[in-house]
Amino acid sequence: MMDRRTFTGVLAGTTAMTMLGCAGRTKESAAEPKSAGTAAAAPSGRLALYRSVGEELAQFDVDVAGATLVQRGAVLLPANIQYVWQHPSRQTLYVTSSDSGPGASGVIGANHHISAFRIEASGKLQPHGKPQPLSSRPIHNSVDATGSYSLVAHNNPSGVTVHRINRDGTLGEQVRQPANLDAGVFGHQVLTTPSNRMAIFVARGNDAAGGKPEDPGALKLFNFKDGVLTNLASVAPGNGYGFGPRHLDFHPTQPWVYVSVERQNKLQLYRMQADGLSREPAFARDLLAEPHNKRPRQLGGPVHVHPNGRFVYVTNRADHTVPYEGRRVFGGGENSVVVYSIDQTTGEPTLLQHIDTRSIHVRTFALDPSGRMLVAASIMALPVREGAGVRTVPAGLSVFRVGADGKLDFARKYDVDTGKKTQFWSGIMRLPAS
């Protein structure tokens with residue numbers, strides 16, 4: 001994110017979502033265009049960056065003007081943190097955790113939960129009710145625009161679960177869903193649309209491997225009412241073959257949905273319609289600076305639209321290793337943030353910049369609510385060849401200033417000692433008023 005900004009036209013009685021890359025923005029109708037090109041007002045109040053290493057969720061104060069972070073404290077979850085989402089009221093944080101490994105690892109655990117934390121004005125987190133058990137690994141979670149429901153995406157088996165959110169922000173009972181929900185293969189994200197009448201479930205699929213054919217990917221569209229999902233449509237160009245979406249984000253004022261296609265290293269734009277989404281992308285762009293240089297484990301990452309709607313950001317991730325003098329070292333690939341400008345009439349993205357993250361495999365990143373600072377979080381350390389020697393590039397938080405032209409300028413990197421764990425998630429949030 002992931003990582004989302006305040007949306008124009010917030011539902012009455014709710015406060016806008018503040019975590020960049022997250023759901024919760026609302027407008028009157030997902031298919032009704034609004035005037036484009038108006039910069040979002042910079043939100044006031046204190047900010048916090050939260051990031052996970054294993055089961056630890058750490059808090060950092062954020063200074064946008066100075067492009068600096070200061071660590072304050074941390075809380076522990078029942079297992080490794082998978083994703084985090086803030087309630088529209090800004091008072092509560094919802095965190096999913098699991099002892100299952102990433103999809104490629106094949107490790108299947110038995111400890112899966114969603115937990116609620118109360119957010120103090122200082123950013124300190126306090127447990128808020130009991131963690132609720134989940135049936136399988138949660139890979140993403142979000143909150144609907146009204147703040148009434150928490151939606152959780154599961155990857156294996158692919159599916160969605162929904163919990164009610166009580167008036168005090170604690171988690172309530174799970175909402176029973178129809179048995180015939182079409183969740184595709186390897187779910188990776190679930191978001192309600194700005195109108196809150198529909199949810200989009202991103203099903204990544206899988207590449208062909210080990211004699212097993214490719215699992216097709218899709219954007220699964222569901223009607224959403226009173227916490228219940230019902231099948232609406234499936235968007236799967238080429239029947240989903242050669243289409244491996246990972247994440248999406250909504251434009252703040254126009255009916256445009258930007259999709260990061262992980263397995264094919266693409267950015268695609270879909271238009272929202274009365275019946276969901278266009279069935280084919282209006283535009284598709286390469287993420288890689290060298291799109292014809294095929295490397296193992298070269299993947300597209302998350303996508304976030306700038307709060308002013310004029311730019312969109314996506315990451316490239318690579319962590320392939322090769323043997324060198326008795327050890328495994330980085331085998332090459334692009335680890336960068338890619339910046340595109342957005343045509344305010346058509347939504348067409350145009351490449352502006354590739355900038356190195358100075359780290360390995362950025363899994364998550366976030367923009368601050370004013371859109372002046374971007375922080376990219378890499379998951380792990382990795383040895384890298386340097387001339388005849390080898391040095392280790394540590395995991396870290398790479399901080400960039402965002403210019404008025406949308407381009408990024410590297411400010412600094414905070415190294416993170418992950419040990420044998422990974423820095424799996426990060427996000428920037430506006431804190432509740434004191």
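Visitor: Hello! What is the relative accessible area of A67?

Guide: Welcome! This is a predicted model, in which local features need pLDDT of at least 70 and side-chain atom pairs count only at pLDDT 80 or more, while totals for chains, interfaces and linings use all residues. Residues are numbered from 1 along each chain as its sequence is written, and side-chain values use heavy atoms, with hydrogens and water left out. Buried means under 20% relative accessible area, exposed over 50% and partly exposed in between (1.4 Å probe, protein chains only). A67 counts as buried because its relative accessible area is 1%.

Visitor: Where does A67 lie?

Guide: Strands here are DSSP runs of E with at least two residues, numbered from the N terminus. Phi of A67 is near 55 degrees, a positive value in a residue other than glycine. A67 sits in the loop between strand 2 (56-63) and strand 3 (68-76).

Visitor: Does E325 count as buried or exposed?

Guide: E325 has a positive phi as well, near 50 degrees. Its place is the loop between strand 24 (321-324) and strand 25 (327-330). With a relative accessibility of 66%, E325 counts as exposed.

Visitor: Which peptide bond is cis?

Guide: Most residues other than glycine have a negative phi, and most peptide bonds are trans. P157 belongs to the loop between strand 10 (149-155) and strand 11 (158-165). An omega near 0 degrees marks a cis peptide bond from N156 to P157.

Visitor: Which residue's backbone oxygen lies 2.9 Å from a polar atom of the H87 side chain?

Guide: H87 is in the loop between strand 4 (80-86) and strand 5 (92-98), and 12% relative accessibility makes H87 buried. A polar contact is a pair of N or O atoms within 3.5 Å; within protein, one must be able to donate a hydrogen and the other to accept it, and residues adjacent in sequence count only if both atoms are side-chain atoms. At 2.9 Å from a polar atom of the H87 side chain lies the backbone oxygen of G147.

Visitor: In the largest nonpolar core, which residues touch the most other members?

Guide: A nonpolar core is a set of buried Ala, Val, Leu, Ile, Met, Phe, Trp, Tyr and Cys residues joined through side-chain atoms within 4.5 Å. L277 has contacts (heavy atoms within 4.5 Å) with residues including L219, V235 and Y270, not counting those up to four places away in sequence. Among the 42 residues of the largest core, those touching the most other members are Y50, L57, L219 and L277.

Visitor: Within the sheet ordered 13-14-15-16, which residue of strand 16 stands opposite L219?

Guide: Two strands pair if DSSP finds at least two bridges between them, and these four form an open sheet with antiparallel pairing. Strand 13 (187-192) and strand 16 (228-235) are the edges; each has a single partner strand, so one side of each lacks a neighbour in the sheet. Strand 15 (residues 218-225) and strand 16 run antiparallel and are joined by seven bridges. Opposite L219 in strand 16 stands V235.

Visitor: In the open sheet ordered 9-10-11-12, by how many degrees are neighbouring strands turned on average?

Guide: This sheet has four strands with antiparallel pairing, and its edge strands are strand 9 (138-143) and strand 12 (171-175). For the angle, axes are lines fitted to C-alpha atoms, for helices over the stretch in contact, and angles run from 0 to 180 degrees between N-to-C directions. With direction ignored, neighbouring strands are turned against each other on average by 30 degrees.

Visitor: How many residues apart are E55 and K421?

Guide: A salt bridge is a side-chain nitrogen of Lys or Arg within 4 Å of a carboxyl oxygen of Asp or Glu, and the structure holds 19 of them. One joins the side chains of E55 and K421, at 3.0 Å from N to O. E55 lies in the loop between strand 1 (47-53) and strand 2, and K421 in the loop between strand 33 (408-416) and strand 34 (425-430), so far along the chain that the pair links distant parts, the separation being 366 residues.

Visitor: What is the relative accessible area of D319?

Guide: D319 meets R297 in a salt bridge of 2.9 Å, N to O. The pair ties together parts that are 22 residues apart in sequence, because D319 lies in the loop between strand 23 (311-318) and strand 24, and R297 in the loop between strand 21 (283-286) and strand 22 (298-305). R297 is partly exposed at 40% relative accessibility. D319 is buried, with a relative accessible area of 11%.
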